[in-house]
Amino acid sequence: MTVKELSAALSLTEYSLPAPEAEVTGGYAGDLLSWVMGRARAGDCWITIMSNQNVAAVAVMADVACILLSEGVKPDEALLTKARQQGINLLGSGKGTFKLAHDVGEKMKKQE
């Protein structure tokens, strides 16, 4: 499933979508950036409530397909700028993290 397909399927807010055809191959939910760096995998949809510019650096290092801000969190201006500069897909949702992780998993399962 592509990031664009996931965004449409879950009615996500698209803050930055420079690579809509990036493949989402898994998912990771977490907010401790050092933990995410060591555990998120390339192609993951990373769900987090963290919204500062350090999130962009972690997304690049982990090579995630997209960052998905949960709980209605909006990116701060520095994160938005970094996402656009570094070609990071940045999405948002008002859903809680647990529900969002479930919904992402269900959509991916239907694609198998």
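Colleague: What makes Asp63 stand out, just after H3?

Modeller: In this predicted model, Asp63 follows H3 and has a positive phi, near 60 degrees.

Colleague: And H3 itself, which of its residues are buried?

Modeller: Val55, Ala56, Val58, Ala59 and Ala62, in a helix that covers residues 54-62. Each is under 20% relative accessible area, the cut-off for that word.

Colleague: How do you know that the buried residues of H3 line one face?

Modeller: Looking down the axis of H3, they fall within an arc of 165 degrees, so they line one face of the helix. They pack against helix H2 (33-39), strand E3 (44-48), strand E4 (66-69) and helix H4 (77-86).

Colleague: Why is Glu5 called partly exposed?

Modeller: Its relative accessibility is 42%. Buried needs under 20% and exposed needs over 50%, so a value in between counts as partly exposed. Glu5 sits in helix H1 (residues 3-9).

Colleague: What makes the pair of Thr2 and Glu5 a polar contact?

Modeller: The backbone nitrogen of Thr2 is 2.9 Å from a polar atom of the Glu5 side chain, and the limit is 3.5 Å.

Colleague: On to the sheet: why are E1 and E2 at the edges?

Modeller: The sheet is open, with 5 strands in the order E1-E5-E4-E3-E2 and mixed pairing. E1 (13-16) and E2 (26-29) each have a single partner strand, so one side of each lacks a neighbour in the sheet.

Colleague: How do you know that E2 and E3 pair?

Modeller: They share 4 bridges, in the parallel sense, and at least two are needed. Gly27, for one, has Cys45 in E3 as its bridge partner.

How values were computed. Residues numbered from 1 in each chain as written. Predicted model: local features only at pLDDT ≥ 70, side-chain atom pairs only at ≥ 80, totals over all residues. Heavy atoms only, no water. Helix = DSSP H or I, 4+ residues; strand = E, 2+ residues; numbered from the N terminus. Buried < 20%, exposed > 50% of the residue type's maximum accessible area, 1.4 Å probe, protein only. Polar contact = N/O pair within 3.5 Å; in protein donor to acceptor, adjacent residues only side chain to side chain. Arc of directions from axis to C-beta. Contact = heavy atoms within 4.5 Å.
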